[in-house]
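The exercises below are to be worked with the sequence and the model at hand. Each one sets a task and then gives a solution in steps.

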Amino acid sequence: MSKKDKPTEMLPVSRKRAQQARRRFLRSVALTVGVVGMAALGYMPVARGWKPRLRPPGALLEQEFLAACIKCGQCVQVCPVEAIFLDDLDQGFGVGAPYIHARDQACDFSCDGLQCVLACPTGALTHEISYPHEVDIGIARLDRPDKCLALLGKGFKGKVRGPEFTGKFRYIEVDRWNPVAVRSQDFDREVCDLCVVHCPIEIRADQCEAGKPPSGDPNQCPPKRAIGLEPVDSGDGMARFMPVVYDGCVGCGACEMVCPTEPAAIVIDMASVLKS
Amino acid sequence: MCYIGQHLAELLGREPRKPDNEEIAPQAQEIHFYKKGQVFDAKAAAEEHQRLKSNKWRNIRWATLLAVNLLFVLSYSLDIQLLEGALTASRFAGFHMADLNSALQVMLAFKEVLINLLIGTVTVFILWFFLGGRTFCSWVCPYHLVAELAEKLHLKLVEKKIIKGIDFHRGTRTAFYVIFAVLTLASGYTVFESVSPTGILSRAIIYGPGLALIWVGVLLLFEVVASRRAWCRYVCPIGMTYGFVGAASPLRIRYNLVNCQHEGECRKVCLVPHVLDTVIKGRARDVEVPIGADCTRCGLCVDVCPSGSLRYEFKFGGGARVTATEQP
């Protein structure tokens with residue numbers, strides 16, 4: 001800038017212009033405060049954890065996850081069972097961040113390769129994991145034992161969660177690659193074990209035990225079991241079983257999705273959220 | 001002083017000023033001198049505008065903007081996988097792209113940069129360096145399009161004297177830029193993203209509408225009834241980031257002083273009229289002046305200029321020019 005600027009800027013301006021400039025300045029401050037205030041409001045929901053969310057496989061701890069997520073939805077686009085949705089304005093800073101609502105559609109790992117992790121451009125879904133058993137979405141918990149059919153000694157016959165239910169699952173015996181609607185399946189179990197037979201970790205573990213690891217890759221074999229039915233002796237002579245969650249549980253939510261009781265007897269706890 | 005320096009200062013909010021005589025090239029001084037005495041025939045100018053009225057660049061631009069956003073939608077809804085993701089980050093034919101401002105937010109909040117994000121950022125940086133200025137804003141940003149319609153409405157209301165538009169200091173955008181960067185760095189959250197109508201709209205178009213559209217509606221309403229184009233002009237850091245990236249771009253609007261009638265129609269249609277300050281009678285520093293970094297290359301001025309004084313130009317260099325005083 002040349003030295004000549006100064007005198008012109010310092011010329012006396014009329015009072016009206018000075019007043020206009022002052023008003024404009026105050027308006028600008030008000031605008032700044034307003035917009036920054038609106039943006040800061042986004043802090044409230046995440047800080048108070050109004051609705052802890054299940055995040056897609058590989059998600060970092062909640063705070064880091066929200067920092068790293070660029071809100072592009074590429075994970076939404078690659079999920080074969082369309083389990084991932086994006087958060088809305090009520091989630092504050094989480095707006096646009098992906099979540100899973102397990103009861104409606106759980107992650108069933110039908111993609112084998114954790115495609116959401118591969119699709120994530122920022123590492124919000126960490127690229128350090130490659131197999132379903134390395135995932136830590138949360139952990140299953142028997143939330144309402146009084147509702148659990150197995151614990152009541154009951155079986156299950158018919159369609160899980162009615163003919164309107166839109167949830168999908170990949171049944172190996174039906175179609176190796178394409179998930180099908182859960183409602184297309186008719187079940188007839190003497191003791192309800194739907195949560196166990198739908199558990200992707202258990203399915204993999206069974207395959208491995210049978211000497212047929214998924215895709216012929218022994219790395220796909222989970223080192224630990226995730227869920228099983230254990231007999232319970234309540235002294236009334238009735239055969240009762242309790243779903244017991246083991247260390248191998250990754251929190252995919254398949255058990256919650258297929259649980260035929262309303263509401264679900266078994267739910268996913270947001271372990272990763274609680275940890276942070 | 002070089003033009004790029006001036007352009008950046010204007011991008012940051014400095015008001016353009018009338019150049020001193022010694023800052024104007026001799027040839028331009030000569031033209032200014034002859035034009036001084038010319039009488040402006042408003043009626044003839046209006047007739048010429050009517051006769052040569054064109055929407056060519058606006059239509060091309062709208063088509064481009066819609067095509068890009070439609071490509072996002074179709075890639076997902078029809079699963080053609082050409083342009084996956086949203087405007088914040090995407091994959092074009094498998095190649096990473098990341099919006100520079102969104103990437104910057106993530107880097108500031110997360111403080112770690114993954115290689116994919118870096119690839120996407122560099123690609124987009126190169127792309128917008130060549131396309132220049134704030135081309136992203138007017139050619140790609142979906143909020144720009146709806147704000148353009150809101151702006152028309154606003155101008156109608158002002159014309160009918162139903163409302164009186166208010167303005168803000170353009171430096172407000174610089175303040176926002178710094179505030180958002182600091183907040184993001186300090187809080188570890190991508191703070192701007194939660195109020196960015198660009199991201200919100202892009203996601204709404206691709207993944208379906210949500211509550212967040214209410215915020216976009218509030219912004220548009222504010223722009224219609226209170227302040228023309230307030231978000232793009234005074235707030236949005238995305239535009240500012242692209243303004244910096246495209247400051248030395250070979251693609252720009254070029255102003256030619258010779259045939260200009262200085263009737264000012266171009267400044268009326270311009271979203272960032274301070275970049276066209278040079279077209280005011282006696283202000284051009286040279287016979288040919290490249291328009292600055294805050295320009296969105298929208299082409300509205302090119303369409304409206306009857307004398308062809310404003311044109312698109314693709315040319316390397318020539319942005320930094322020595323003014324008359326600094327010449328030996």
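Helices (H or I, at least four residues) and strands (E, at least two) are DSSP runs, numbered from the N terminus. The model is predicted.

**Exercise 1. Place T190(B) in chain B, decide whether T190(B) is buried or exposed, and list what T190(B) touches.**

Step 1. With elements numbered in this way, T190(B) falls in the loop between helix 9 and helix 10 (197-207) of chain B.

Step 2. Buried means under 20% relative accessible area. T190(B) has a relative accessible area of 2%, so T190(B) is buried.

Step 3. Neighbours within four places in sequence are set aside. In chain A, the contacts of T190(B) are L66(A), A67(A), C69(A) and K71(A). In chain B, they are Q105(B), V106(B), A109(B) and T184(B).

Step 4. With K71(A), T190(B) also forms a side-chain polar contact of 2.7 Å.

Step 5. For a distance within chain B, take L211(B): the C-alpha atoms of T190(B) and L211(B) lie 19 Å apart, with their positions 21 residues apart in sequence.

**Exercise 2. Describe how helix 5 of chain B is covered and what is found at its two ends.**

Step 1. Helix 5 of chain B runs over residues 100-110, and 8 of its 11 residues are buried, which leaves the helix mostly covered.

Step 2. The buried residues are L100(B), N101(B), S102(B), A103(B), Q105(B), V106(B), A109(B) and F110(B). Among them, Q105(B), V106(B) and A109(B) are contacts of T190(B) from Exercise 1.

Step 3. An α-helix has 3.6 residues a turn, so residues three or four places apart point the same way.

Step 4. The cover comes from both chains. Chain A contributes helix 4 (62-68). Chain B contributes strand 3 (95-98), helix 6 (115-131), helix 9 (171-187) and helix 13 (237-245).

Step 5. At the start of the helix, the backbone nitrogen of N101(B) has a side-chain oxygen of D99(B) within 3.2 Å. Just after the helix, K111(B) has a positive phi of about 60 degrees.

**Exercise 3. Do the equivalent analysis for helix 8 of chain A.**

Step 1. Helix 8 of chain A spans residues 200-209 and is mostly covered, with 7 of its 10 residues buried.

Step 2. Those buried are P200(A), I201(A), E202(A), R204(A), A205(A), Q207(A) and C208(A).

Step 3. Their cover includes helix 7 (194-197), strand 8 (227-232) and helix 9 (254-258) of chain A.

Step 4. Just after helix 8, G211(A) adopts a positive phi of about 80 degrees.

**Exercise 4. Where does A264(A) lie, and which residues is A264(A) in contact with?**

Step 1. A264(A) sits in the loop between helix 9 and strand 10 (266-269) of chain A.

Step 2. Its relative accessibility is 4%, so A264(A) counts as buried.

Step 3. Apart from neighbours within four places in sequence, A264(A) contacts R103(A), R144(A), E256(A) and C259(A).

Step 4. K147(A) is 117 residues away from A264(A) along the chain, yet their C-alpha atoms are separated by 7.8 Å.

**Exercise 5. What does the radius of gyration say about each chain, and what are the other totals?**

Step 1. Chain B has 15 helices and 6 strands. Its radius of gyration is 21 Å, close to the 20 Å that the globule rule gives for 328 residues, so chain B is as compact as a globular protein of that length.

Step 2. Chain A has 10 helices and 10 strands. A compact globule of 276 residues would have a radius of gyration near 19 Å, but the value for chain A is 26 Å.

Step 3. The remaining totals are set out by chain.

| Property | Chain A | Chain B |
|---|---|---|
| C-alpha extent along the principal axes | roughly 100 × 40 × 35 Å | about 60 × 50 × 35 Å |
| Buried residues | 50% of 276 | 54% of 328 |
| Share of contacts with a separation of 6 or more that join residues 24 or more positions apart | 67% | 77% |
| Accessible surface | about 13,600 Å² | about 14,400 Å² |
| Part of the surface from carbon and sulfur | 56% | 66% |

Step 4. For charge, chain A carries 34 positive and 34 negative side chains, with the centres of the two sets 17 Å apart. Chain B carries 36 positive and 28 negative side chains, and there the two centres lie 4 Å apart.

Terms used. Residues are numbered from 1 along each chain as its sequence is written. Chains are lettered from A and ligands numbered from 1 in the order in which they are written. This is a predicted model: local features need pLDDT of at least 70, side-chain atom pairs count only at pLDDT 80 or more; totals for chains, interfaces and linings use all residues. Side-chain values use heavy atoms; hydrogens and water are left out. Buried means under 20% relative accessible area, exposed over 50%, partly exposed in between (1.4 Å probe, protein chains only). Contact means heavy atoms within 4.5 Å. A polar contact is a pair of N or O atoms within 3.5 Å; within protein, one must be able to donate a hydrogen and the other to accept it, and residues adjacent in sequence count only if both atoms are side-chain atoms. The radius of gyration is taken over C-alpha atoms; the globule rule is 2.2 Å times the number of residues to the power 0.38. Accessible areas come from the Shrake-Rupley method with a 1.4 Å probe; for residues, only the protein chains shown count as cover. Lys and Arg count as positive and Asp and Glu as negative; His and the chain ends are not counted. The place of a charge is taken as NZ of Lys, CZ of Arg, CG of Asp or CD of Glu.
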